[in-house]
Structure formats: structure tokens, C-alpha cells
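Biologist: I would like to go through this model with you step by step, beginning with single residues and ending with the chain as a whole. Please give your reasoning each time before you settle on an answer.

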Amino acid sequence: MTALAVLAVSLLLAGACMATFLVTAQSRDAARFESHVQMTQDRITAQLDSNISLLRGGAGLFAASDFVTPQEFRLYVQRLELRKHDPGVLGLGFSQRISANEKEDWTARLRANGMSSFHIWPDQPRAEYHSVIYLEPLNTRNEAALGYDMFTDPTRREAMERAWLSGEPALSGKVVLKQETNLEQQAGFLLYVPVYRSGLVPTTEAERLAMLQGFVYSPLRAKDLFDAMFPPEHPPRVFFRIYDGAEADPEQLLYDSAGAEKGIHKVPSFTHTWRLEFAGRPWTVVFTSRPSFESSMLTPWAPLVGALGFMLSLLVCAVTWTQIAARQRAEASEAERAQLLAREQAARTEAEAQRAYLNDLFMQAPALIGILSGPQHVFEFVNASYRRLLGKREVLGKPLVEVVKDLPPGILEMFDTIYRTGQPHSGQELCLPGVYATDQVEVRYWNFVWQPRRGPSGQVDGVMIFASEVTEQVLARQQVEASREEARRSARQLQTITDALPALVAYIDSEERYRFANETYETWFGIKPENLLGKTILEFIGEKAYARFRDPVQRALSGETVQYEGELPLKGGGSVFTQSSYMPDRDPSGQVRGFVVLAFDVTERRRSEETVRTAVRLRDEFLSVASHELKTPLTSLSLKLQTLAREAATQSESPFVLKTRTNVETARKQIKRLSDLIGDLLDVSRISSGKMKLHWEPVDFSAVVREVAARLEPEATRAESRLTVETPDALPGRSDRMRFEQVVENLLTNAIKYGAGKPIHIQMHADAQRLVLTVRDHGIGIAPEHQVRIFERFERAVSERNYGGLGLGLYITRTILEALGGTIRVQSETGQGACFTVELPLEPPAGP
């Protein structure tokens with residue numbers, strides 16, 4: 001064969017070798033790329049499934065309780081340790097479905113449970129609100145979202161309605177979270193799980209529409225979530241970009257793993273697009289090869305292999321020229337082949353490392369992960385958490401029934417069904433008593449997902465187990481329920497105690513609706529307490545009776561403690577008089593949220609009081625009539641004594657005339673004393689009956705004081721008391737002259753009576769509007785305990801055996817002064833005399 005023929009054959013062989021190498025290298029590089037893509041997909045899917053399990057546990061908490069308090073929810077989330085196990089999740093929250101009529105009630109309830117600044121926003125009227133009432137952990141970011149009505153945002157609303165109608169978890173589209181309060185904002189999304197009032201997912205769409213209670217949800221920052229999935233020590237083997245939606249729209253980019261490396265590399269050699277539908281929401285994930293991957297590819301070596309083949313052809317062509325050169329080229333070809341084999345071995349080593357990393361990821365997962373193979377359900381794989389749970393038992397290669405001998409009934413049949421039908425199965429908060437890592441029977445609760453595993457032919461060849469323990473969450477919820485039961489027991493005790501009271505006991509909220517009532521309501525009004533709850537006061541007692549109670553009710557709701565008496569109609573047609581106390585009830589912020597009613601039947605007391613008032617009225621009428629009847633004969637007797645005194649004065653002095661004069665004078669004094677007493681009784685009668693009339697006229701107050709002092713000076717002289725008067729020359733004003741004169745006379749007469757033998761001082765001064773009159777004596781004084789009651793009827797500070805009188809003078813004085821718009825007070829100590837101070841306006845008070 002000629003050299004030219006050898007060259008042609010060599011070139012053909014070289015081309016075939018290059019083509020074979022190129023196909024093999026491309027296949028190998030593509031397989032490596034797809035392997036990296038698959039591992040990345042698995043990590044993303046596993047993390048998202050874990051997030052759904054987290055939300056399902058929270059939904060169980062709310063479904064099992066009528067009302068979860070902020071403290072209970074905070075304790076629940078703290079035990080989940082989100083920062084440790086789910087670092088990409090901002091928190092766990094709950095949005096409550098609230099009708100427009102319930103808005104104020106929910107706001108007040110949450111403020112009463114420690115959320116003092118809670119409010120629903122945006123603040124526009126709507127028929128229904130879906131407001132975030134809890135979001136834990138309650139840091140600065142999450143606090144910004146409290147109260148937000150997520151239904152006002154179309155993207156959030158679409159996901160919430162999808163979860164609502166389907167009863168399944170729902171993922172939202174791309175949003176800017178309300179927690180993004182700083183400049184470093186990230187794209188985010190939200191994951192929702194619906195909670196229904198029945199605790200279970202209703203079977204029909206109409207029932208799900210009616211029975212929705214709210215949503216357990218998690219806000220997720222995309223970059224934080226996926227950075228946590230692929231920490232620096234375990235970065236993804238490929239770059240990937242996640243877009244919200246079915247297309248790779250740059251406007252809907254959620255996450256780009258290239259980060260700071262983005263834009264500094266050439267066009268990637270491999271690209272793979274993955275259409276992922278998760279929780280009802282489509283995502284588009286675009287995977288591209290990393291520079292580090294491309295540097296280890298074999299495909300770029302294909303041109304070199306071709307060049308080497310061409311050179312080899314030349315060498316083969318020239319083999320006739322030199323044996324040595326041919327041998328050297330052959331050795332060079334062997335060295336190149338060894339290098340390619342070494343690189344292939346390195347690729348295999350890297351693939352093994354990736355598998356080892358995935359194995360480590362499963363082994364270190366906080367959940368239980370296991371794989372059962374074949375119809376006998378033989379353990380093929382268990383992670384470290386599963387192995388610790390089973391203790392020292394042999395696991396791998398053993399059937400399920402041998403490893404877990406205390407298997408609960410029905411579990412093995414369920415595994416058989418999954419293996420036979422290929423349908424997955426899940427269970428929430430399953431109670432599985434058994435012997436775990438210890439030798440004692442323990443009760444634990446688990447959330448399980450059983451997933452069929454399919455082989456290359458598509459047939460089921462095993463069952464995968466994913467389980468997370470929720471014992472702490474269940475026990476925490478049971479503790480909350482026990483606390484609630486204790487509260488209900490206390491409420492029943494309170495009901496029993498209040499039912500035994502012979503009084504009405506009720507609690508009325510800020511909308512004037514009954515929230516609590518004891519059995520006395522049924523006794524008095526014929527309405528059972530449970531039928532009264534929710535009714536307003538107006539609905540219960542009617543418009544006519546409510547008009548009498550409206551004012552005290554409003555005062556109680558404004559924060560005032562009210563004592564009130566009123567009449568209520570009874571069920572038999574009669575009525576009852578009640579003495580009621582309205583005691584406001586305030587929330588921790590000080591706002592009045594209702595009041596407690598305590599009402600006693602005082603009908604008998606009212607009747608007794610009416611009897612007493614009638615007796616007092618009859619007594620006053622008797623005193624009035626008796627005083628008038630006594631006044632006439634006393635006047636006649638006084639005139640007769642005056643006539644007799646004049647006649648005795650004209651007679652010559654004799655023992656009989658002198659004795660007559662003395663007796664006449666004594667009789668006149670006694671008649672005057674009796675007349676004064678009758679005058680006091682008449683004044684008391686006028687005061688009691690409201691018939692005391694005032695005659696307003698111009699008065700010189702100074703002149704009146706001096707006249708009274710001059711008239712009583714002889715009496716003071718007989719009592720050996722020196723009387724001094726200090727008043728202005730004139731003090732004009734308008735008042736009832738006779739009544740003011742009566743006041744001065746009563747005070748001066750008292751001073752002479754109780755200060756006999758000691759000086760008496762009268763002083764008066766005035767400003768532009770009022771006069772001040774003081775009457776001071778230095779007599780026996782008044783003990784402090786008597787200084788209030790001496791101004792009441794028939795009250796005295798001393799024994800009537802030593803001092804005469806009925807104890808009416810100061811009562812009449814006080815009453816006259818109050819009618820004139822003035823006041824009186826006393827300062828005194830026993831044995832130190834007394835000082836009475838009168839303050840009186842110079843002009844009549846308004847509306848006399």
C-alpha cells in the first residue's frame with residue numbers, strides 16, 4: 001500500500017475515532033449534568049414537602065381549639081425551632097376569617113390577649129376580612145405584617161381561594177412580603193393551608209366555602225430559603241433560576257443561584273428546563289452548567305482528539321520513513337488514552353461523592369426516612385433518626401414485621417395497599433404507642449407520608465417512609481385544652497355561686513348585650529339565662545323601661561361605677577324595685593369592655609321607707625296644725641299679760657302689787673320662750689313641706705346685724721357677757737331681710753346661751769360678691785364628733801337638762817342659708833368656745 005493510501009485510511013480512522021469520542025464525551029457529560037439536576041430537584045422538592053408538613057401541624061392546632069391565644073401559639077412555634085430546622089422560613093402565622101360584624105369584637109379580643117396595638121389594615125370597609133392575627137416568631141420584620149388583610153392583594157387572594165375551595169395546600173405567586181421593611185428586599189411567596197371549623201376538610205365545595213375558619217401560612221423569602229437549602233459548604237452542582245409561572249419570564253424571577261457570579265461566564269454548555277407544579281402553583285426552573293462543571297467536561301477535548309488523529313495519520317503515513325517516530329507517536333497515543341481513562345475515573349468518583357452527599361443529607365435529616373423494598377417490605381435504607389428511634393434492633397435486610405413487632409393494627413395492610421395500587425398515603429398526628437429506643441412503652445405522635453417507589457419499568461418496587469414527630473406539639477395543644485377545661489369548670493362554679501344569690505347577677509358588654517346571667521332572671525322574669533345571652537338590654541326590658549335605665553348604663557360604659565335604683569316589670573305583671581350596682585370591666589389597656597350588674601330586690605325596703613315618709617309627713621302636718629293652734633291662745637295670753645302689767649304699774653306699791661308684777665314678768669318670759677319654740681316648729685314644718693317662702697328685697701346687712709345685736713344686748717348683759725360688733729358702716733345687697741335677721745339672731749342667741757360670762761364678738765366683712773359673718777364666743781365649745789350633726793333636726797351637743805331648747809335653731813339656720821345661696825361652718829374645741837362662719841352672696845343666686 002502506498003503512503004498516500006495509508007494516509008487516506010489513517011484519516012478515515014482518525015475521523016471515526018473523533019466522532020466516537022465526541023458522542024461518548026457528550027453522553028457522559030450530559031449524564032453527569034442530568035444527575036446533578038436530579039439531585040438539586042430532589043433537595044428542592046424535599047424542602048417544600050417539609051414546609052407543607054410544618055403547616056399541616058399548625059393547622060391541626062387551630063382545628064382542635066375554639067380559640068388559640070397569642071401565648072399558646074407563641075409556645076407552639078418556639079417548640080418547632082424554625083431557625084434550626086427551617087432557616088429559610090420567616091415564620092408561621094394564622095389569618096382569621098372575620099366578618100364585618102365581628103371586626104370590632106376580634107380587635108378587642110386580641111388586644112385583651114396582649115396585642116394592645118392590634119388593628120386590621122388596610123382600613124376600608126369590606127364584607128369580610130382575612131387578617132393576620134398571629135405571626136411567630138414576633139420579631140421586627142414579622143410585626144410589620146400583623147393585622148394585614150391578605151385578601152386585599154390579588155396574588156395572595158388567588159392562592160387563598162384556591163386552598164379554600166380545594167382543601168389542599170396552596171402556593172402563591174411572586175410577591176413582596178410585608179416583612180420587607182428595609183432596602184434589601186427579596187422576592188417572596190406564601191404557602192397556605194386552610195383550617196375549617198369542623199377540624200376536618202369538608203367533602204363538598206359548598207361546605208368548604210361555609211366552614212372556613214382561616215389559614216395557617218408561612219411567608220418565605222426566596223433567596224433566604226434556597227440559600228439555606230444549598231449552604232456554602234454544600235453548594236448546588238449546577239446553576240438554577242426559579243421563575244413563578246409556566247414560562248421563564250424575567251419579570252417573575254424568584255431566585256438565581258448564580259448570585260454574584262451571574263454574568264461573568266460564557267453561554268453554558270448544558271441547559272435543562274423543569275416544569276414543577278407545587279401546591280397548585282406552576283414554577284419553571286432553568287438549570288445551567290456551572291463553570292466548574294464545564295472545566296471537567298470531556299466534550300471540549302474532541303477537537304484535540306481529532307487533531308491527534310490527523311497527526312496520527314501523518315505518523316502512520318510516515319511509518320515507512322522511520323520506525324522510531326512511529327513508535328513515539330504510538331506511545332503518545334497510549335499516554336493520551338490513559339489520561340482520558342483517569343478523567344473518566346475522576347467523573348465516576350465525583351458522581352459517587354454526589355450520591356454520598358445525598359445519602360448524608362437523608363441521614364442527617366431531622367425527620368424519619370426509610371425505604372422498604374419488595375412485597376415483604378424489607379428495610380433497604382433507614383436514616384440516622386430512624387435508627388436511633390429503633391434502638392439496637394437489626395434493621396437493614398429485615399422485613400417490617402420483624403423489626404417492628406409491636407406494629408399497630410392496620411399498618412401492614414396499608415403498606416400492602418400502597419405496594420399494590422401505587423397510591424400514596426398520609427396521616428396526621430397518629431398516636432403510636434410502642435417500644436421505641438428505650439425498653440418501656442411510650443406514646444408518641446407522628447405525621448406520616450408513605451410514597452410508593454417505582455423502578456425503571458415504572459412498576460412499584462418499594463415504599464418510602466417520611467415521618468416527623470409532633471409529640472411536643474400535640475402535648476402542648478392538649479395542655480392548652482386542659483387549661484380551657486379548667487376555665488370552663490371555673491365558669492360553672494361561678495354560675496353555681498351566682499345562681500344561689502338572691503340577686504340579679506349579669507355581665508353586659510360594650511354593645512349592651514348580655515354575656516352572662518344567673519338563674520334569678522328566670523325566677524323574676526321567666527326567661528332562662530341561656531335565652532337571655534346575646535340580647536340587648538333594650539330587647540329584654542322594652543323601650544319604656546329602658547328609658548329609665550339608659551343614663552346609668554351609659555355612665556357605666558364610660559367607666560363610672562354607678563349605684564342606681566329603679567323599677568322593673570315582673571313576669572306575672574307586677575313590678576319589683578331593684579338597687580343596682582354597675583361596675584365597669586376594663587381590658588389590660590384600660591378600655592371599658594363591659595360592666596357587671598349586681599341588683600337586689602328592695603321592694604320591701606321601699607315600702608317601709610314609704611311608710612316612714614308617710615309617718616313623717618303626718619308628723620309634720622300635725623306639728624304645723626298644732627303650732628298654728630297654739631299660736632292663737634298664746635297671742636291672746638300675751639296680750640292679757642301686757643294689760644295686767646300696765647294695770648299693775650298704775651297701782652300703788654304693796655306686797656300684792658309687787659308679787660303680781662314679778663309673776664307677770666315671769667309669765668311673759670315663759671310665753672316668749674314658748675312662742676319662740678312654736679316659731680321654730682312652724683319653720684321646721686314649712687321647711688319639711690317645702691312651703692318656706694323667701695321675699696327678696698334691698699337689705700343693708702350691716703344695719704341688720706347692729707339692730708339684732710342692740711336688741712339682744714340686754715340679754716347678753718344679764719348673762720354677764722360683753723358684746724362687741726365690727727361691721728362696715730353700710731353693706732347693701734338683696735336678700736330676705738327677715739330670714740337673714742333670723743340667722744343672726746339664732747347665732748347670737750346660741751353664743752349668749754353657751755358662752756355666758758365670756759365675751760362675744762361679731763364681725764362682718766365682704767368682697768365684691770359675698771359677705772362673711774363670724775360669731776365667736778368663748779364658752780363651753782363643741783366636741784369634734786358633734787360638729788356635723790348639730791346642724792340636723794333635734795340634734796344637740798350638750799344635755800338638755802343643763803340647756804333648754806329643742807335642737808332646731810342651727811338646723812333652721814343652715815336651711816335658711818342654703819335657700820339664700822349661703823353656707824355655714826363651725827370651728828371649735830371643747831372648753832375653747834365656738835366660731836360660726838356664715839358666707840352669703842350679696843345678690844340672689846341664679847334662679848332663686
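Biologist: Is Gln 213 buried or exposed?

Modeller: The model is a predicted one, and within it Gln 213 has its place in strand S5. Buried here means under 20% relative accessible area. Because its relative accessible area is 11%, Gln 213 is buried.

Biologist: Which residues does Gln 213 touch, leaving aside those up to four places away in sequence?

Modeller: Contact here means heavy atoms within 4.5 Å. On that basis the residues touched by Gln 213 include Phe 62, Ser 65 and Asp 66, and also Val 195, Tyr 196 and Arg 197. The list is completed by Phe 94, Ser 95, Gln 96 and Arg 97.

Biologist: In what order do the strands of the open sheet that contains S5 lie?

Modeller: Strand S1, residues 92–99, is joined by 4 bridges to strand S5, residues 212–221, and the two run antiparallel; within this pair, Gly 93 has Tyr 217 of S5 as its bridge partner. The open sheet has 5 strands with antiparallel pairing, and their order is S2-S1-S5-S4-S3. Strand S2 (128–136) and strand S3 (170–171) each pair on one side only, which makes them the edge strands: S2 and S3.

Biologist: Which helix lies across S1, S2, S3, S4 and S5, and at what angle does it run to S4?

Modeller: The strand used for the angle is S4, residues 188–196. The helix lying across these strands covers residues 154–166 and is H6, running to S4 at about 30°.

Biologist: Which are the edge strands of the open sheet with the order S7-S6-S9-S8?

Modeller: This open sheet is formed by 4 strands with antiparallel pairing, and from one strand to the next the twist averages 20°. S8 pairs with strand S9, residues 281–289, in the antiparallel sense over 8 bridges, and Thr 273 stands opposite Val 286 in S9. The strands that pair on one side only are strand S7 (253–256) and strand S8 (271–278), so by that criterion of pairing the edges are S7 and S8.

Biologist: At what angle to S7 does helix H8 run?

Modeller: Helix H8, made of residues 222–229, lies across strand S6 (238–244) as well as S7 and S9. Its angle to S7 is about 35°.

Biologist: How do the residues of the contact of H22 with H23 divide into nonpolar, polar and charged?

Modeller: The axes of helix H22 (residues 737–754) and helix H23 (residues 809–819) come within 10 Å and cross at roughly 145°, in a left-handed crossing. From H22 the contact takes in Arg 739, Gln 742, Val 743, Asn 746, Leu 747 and Asn 750, which meet Gly 809, Leu 810, Ile 812, Thr 813, Ile 816 and Leu 817 in H23. These residues divide into 6 nonpolar, 5 polar and 1 charged.

Biologist: Is Ala 846 buried or exposed?

Modeller: Ala 846 is found in the segment after strand S26 (834–841), and its C-alpha is 9.1 Å from that of Gly 821, a residue 25 positions away in sequence. Exposed here means over 50% relative accessible area. Because the relative accessible area of Ala 846 is 82%, this residue is exposed.

Biologist: What percentage of the residues of the protein chain count as buried?

Modeller: The protein chain has 23 helices and 26 strands, and its accessible surface comes to about 45200 Å², with 55% belonging to carbon and sulfur atoms. Among contacts between residues at least 6 apart in sequence, 61% join residues at least 24 apart. Of the 848 residues, the share that count as buried is 42%.

Notes:
Residues numbered from 1 in each chain as written. Predicted model: local features only at pLDDT ≥ 70, side-chain atom pairs only at ≥ 80, totals over all residues. Heavy atoms only, no water. Axes fitted to C-alpha atoms, helices over the stretch in contact; angles between N-to-C directions. Left-handed = near helix turned anticlockwise from the far one by under 90°. Nonpolar A, V, L, I, M, F, W, Y, C, P; charged D, E, K, R; others polar. Buried < 20%, exposed > 50% of the residue type's maximum accessible area, 1.4 Å probe, protein only. Areas by Shrake-Rupley, 256 points an atom, 1.4 Å probe, with all protein chains shown as cover.
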